[in-house]
Structure formats: structure tokens, C-alpha cells
Amino acid sequence: MRMMFLVLPVLALVACDDGGTTDPTDTTGADGAAVYSDNCAVCHAADGSGGTGPALDTVVPGKTASDIEGIVRNGSGSMVGFSADVISDEESAAVADYVVAEWGD
Ligand code: HEC
């Protein structure tokens, strides 16, 4: 009888853990749109129309997600790259997929 009291709350927690706001199309575990709005939108605008940085629909076409990951990590021209402390490899892959899907060709 005592076991029931221990097991039931644990099952309830496990069941709840599955729900929430996880995007089912996101296979990387990181949310590319959130990484973008936290780190890129300040210069490229939330809608990618540009500001300090260029409009993304002028610079992303022709680039692959892996090109974008390189730019995020190493920078490009006057854009400074992001270290792995700021954008992890997983987040960089997610934001690259997001950028290519939104503004790529
Ligand atoms: C501090 C401002 C700033 C932030 C933050 C920023 N960028 Fe940029 N970005 C720039 C500037 C400026 C350029 C143009 C660089 C150049 O060509 O000299 C640029 C260029 C780019 C390019 C084109 C590079 C090329 O070689 O054609 C891409 C793609 C890009 N940014 C993506 C991103 C992404 C994705 C993020 C977020 C992870 C981001 N940027 C964050 C300022 C920024």
C-alpha cells in the first residue's frame, strides 16, 4: 500500500512533462525562433527586414543552414560571431534552420 503513495505522484509528473510548448516540428531541442528573437532581431529586426544588419532576404538566399551556422559562430564582415557560451551548437543549428526556412530561397 505504501508504494502506491510513492508511485502515483511520480507518474503524474512524468505525464505532465510531455506536454507544454515544445514545437513538434523542432527536432533539435532548441527553438530557432526564440534564439533569433533573443540574439539576432536587435540588428536584423524581428521580421528580418534589417536595421544595423542587412535585411535577411537579401543575404540568406543562396546560403545553406551550415553556412548560417558558420556566420553565427564566426561572424561575417562587420558582424561579430557568437561564442558557444551565448549560442550553443544546438541553438546555432536551430536558428540556422529557422533563418533559412524564413528568408532562404
Ligand atoms: C550587433 C548586430 C548584429 C547581430 C546581433 C546579428 N547580426 Fe547578422 N549581421 C550584422 C551586420 C552588420 C551584418 C553585415 C556584415 C557585413 O557584411 O559586413 C550581418 C550579416 C549577417 C548575415 C549575412 C552574412 C554574409 O556573409 O552574407 C547573416 C546570414 C546574418 N547576419 C545572420 C545573423 C543571425 C542568424 C544572427 C543571430 C544569431 C545575427 N545575424 C545577429 C549585424 C548583426
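Biologist: Is the crossing of α5 and α6 right-handed or left-handed?

Modeller: This is a predicted model. The handedness here is that of the crossing between helices α5 and α6. That crossing is right-handed.

Biologist: Are α5 and α6 parallel, perpendicular or oblique to each other?

Modeller: Two packed helices are described by the angle and the distance between their axes. The axes of α5 and α6 come within 8 Å and cross at roughly 125 degrees. An angle from 65 to 115 degrees would count as roughly perpendicular, and one over 145 as roughly antiparallel. The crossing angle fits neither class, so α5 is to α6 oblique.

Biologist: Which residues in α6 meet α5?

Modeller: From α5 come Ala 65, Ile 68, Glu 69, Val 72 and Arg 73. The contact as a whole divides into eight nonpolar, one polar and three charged residues. On the α6 side stand Ser 92, Ala 93, Val 95, Ala 96, Asp 97, Val 99 and Val 100.

Biologist: Which helices each supply at least two residues of the shell around the ligand?

Modeller: The ligand is surrounded by 20 residues. Closest are Cys 40, Cys 43, Gly 53, Gly 77 and Met 79. Helices that each give at least two shell residues are α3 (41-44), α5 (65-74) and α6 (89-103).

Biologist: How many charged residues does the shell around the ligand have?

Modeller: Sort the shell by class. Nonpolar residues number 13 and polar ones seven. The count of charged residues in the shell is none.

Biologist: Why is Val 35 called buried?

Modeller: Val 35 is found in helix α2, residues 32-39. A residue counts as buried if 20 or more other C-beta atoms lie within 10 Å of its own. Val 35 passes that cut-off, because its number of other C-beta atoms within 10 Å is 23.

Biologist: Which residues is Val 35 in contact with, leaving aside its neighbours within four places in sequence?

Modeller: Start with a distant part of the chain. Val 35 and Tyr 98 are 63 residues apart along the chain, yet their C-alpha atoms are separated by 9.3 Å. Beyond its sequence neighbours, Val 35 is in contact with Ala 30, Ile 87, Glu 91, Ala 94 and Val 95.

Biologist: In what order do the elements of the protein run from the N terminus on?

Modeller: The protein has six helices and two strands. Its elements, from the N terminus on, run α-α-α-α-α-β-β-α.

Biologist: What share of the contacts with a separation of 6 or more comes from residues 24 or more positions apart?

Modeller: The protein has 105 residues, of which 22% count as buried. Turn now to contacts with a separation of 6 or more. The share from residues 24 or more positions apart is 64%.

Conventions
Residues are numbered from 1 along each chain as its sequence is written. This is a predicted model: local features need pLDDT of at least 70, side-chain atom pairs count only at pLDDT 80 or more; totals for chains, interfaces and linings use all residues. A residue is near a molecule or strand if its C-beta atom, placed from the backbone, lies within 6 Å of it. Helices (H or I, at least four residues) and strands (E, at least two) are DSSP runs, numbered from the N terminus. Ala, Val, Leu, Ile, Met, Phe, Trp, Tyr, Cys and Pro count as nonpolar, Asp, Glu, Lys and Arg as charged, and the others, Gly among them, as polar. Axes are lines fitted to C-alpha atoms, for helices over the stretch in contact, and angles run from 0 to 180 degrees between N-to-C directions. Angles under 35 degrees count as roughly parallel, over 145 as roughly antiparallel, 65 to 115 as roughly perpendicular and the rest as oblique. A crossing is left-handed if the near helix is turned anticlockwise from the far one by less than a right angle, and right-handed if clockwise. Two residues are in contact if their C-beta atoms, placed from the backbone, lie within 7 Å. A residue is buried if 20 or more other C-beta atoms lie within 10 Å of its own, exposed if 12 or fewer, and partly exposed in between; C-beta atoms are placed from the backbone.
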